[in-house]
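Colleague: I should like to go through this model with you, beginning with its backbone and ending with its metal site. May we look at it together?

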Amino acid sequence: MSYVFTPPATVAVPVVGQAAQFAVHRIYCVGRNYEEHAKEMGFTGREPPFFFLKPADALVVVNTGETGSMPYPSLTKNLHHEIELVVAIGKGGKNISAAHAFEHIYGYAVGLDMTRRDLQGEMKKLGRPWSIGKGFDHSAPIGPITPAAQAGDVVNAEILLHVNGQERQRSHIHKLIWNIAESIEHLSAAWELQPGDLIFTGTPEGVAAVVSGDVMHGQITGLSELKVKVV
Ligand code: MN
């Protein structure tokens, strides 16, 4: 096969404890999936889950022990952090029931759903797509994937984010409105999941702005941590 230009390299995330990497297919994100975050965004109650996507090459892949760099994006004056549990799909499928969802999970990672909040807000007001607010270049920093068998009790893990050493977000994965299995059930009813898909499962309360020079430090119990500097 020849191409009219050199095709882009496969986007891949390192896996804890092995040399082989996790090749990324798509990035799905769950919107407003913690009650206290939904409230801080002006919503209440349990609404059906909804999803948006980021391009796979929006990932900023950061290895264990390293501090990654995320360029401050264009057009925004309000870049927000959203710390999230990322579920890595190892076995595809459609119409996956919640009861079978965990069979499709390869592992988990700590991720940041970085958001141009001002642009997202304008798009919401106009009823337009969120892509410019959510799917921009470098909008998805991620740490290494921990295989599910080594990740411990992710369902009950604590999730937290510090910025410059100060706590910004702290919650527990069990507070997800639509839990991991239910999110996979709903998502796989709308799209056929493939090995290599990543699911950003939603952020807890405490989202706020970062500026150039800030260092974000995300942690989820049992998973490899994520450190990213805004540059
Ligand atoms: Mn999010």
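Colleague: Is asparagine 164 buried, partly exposed or exposed?

Modeller: This is a predicted model, in which local features need pLDDT of at least 70, side-chain atom pairs count only at pLDDT 80 or more, and totals for chains, interfaces and linings use all residues. Residues are numbered from 1 along each chain as its sequence is written, and side-chain values use heavy atoms, with hydrogens and water left out. Buried means under 20% relative accessible area and exposed over 50%, with partly exposed in between (1.4 Å probe, protein chains only). Because its relative accessibility is 46%, asparagine 164 is partly exposed.

Colleague: Where does asparagine 164 lie, and what is its phi?

Modeller: Strands (E, at least two residues) and helices (H or I, at least four) are DSSP runs numbered from the N terminus. Asparagine 164 is in the loop between strand E13 (158–163) and strand E14 (166–172). Although this residue is not a glycine, its phi is positive, near 50 degrees.

Colleague: What is the relative accessible area of arginine 32?

Modeller: Arginine 32 belongs to the loop between strand E3 (27–30) and helix H1 (35–40). It is not a glycine, yet it has a positive phi of about 35 degrees. Arginine 32 counts as buried because its relative accessible area is 15%.

Colleague: Which residue offers its backbone oxygen to the side chain of asparagine 33?

Modeller: Asparagine 33 also lies in the loop between E3 and H1, and it is buried at 0% relative accessibility. Its contacts (heavy atoms within 4.5 Å), leaving aside neighbours within four places in sequence, include Lys175, Trp178 and Gly202. A polar atom of the asparagine 33 side chain lies 3.0 Å from the backbone oxygen of threonine 201.

Colleague: Which strands stand at the edges of the open sheet of three strands?

Modeller: Two strands pair if DSSP finds at least two bridges between them. The order is E10-E7-E16, with antiparallel pairing. Each edge strand has a single partner, so one side of each is left without a neighbour in the sheet; these are strand E10 (115–116) and strand E16 (208–209).

Colleague: Which residues are the protein donors of the manganese ion?

Modeller: Donors are N, O and S atoms within 2.8 Å of the metal (3.2 Å for Na, K and Ca); water is not among the atoms, so sites may look incomplete. The donors follow the spacing E-x1-E-x28-D along the chain. Lying 2.0 to 2.1 Å from the ion, they are Glu82 (OE), Glu84 (OE) and Asp113 (OD).

Terms used
A polar contact is a pair of N or O atoms within 3.5 Å; within protein, one must be able to donate a hydrogen and the other to accept it, and residues adjacent in sequence count only if both atoms are side-chain atoms.
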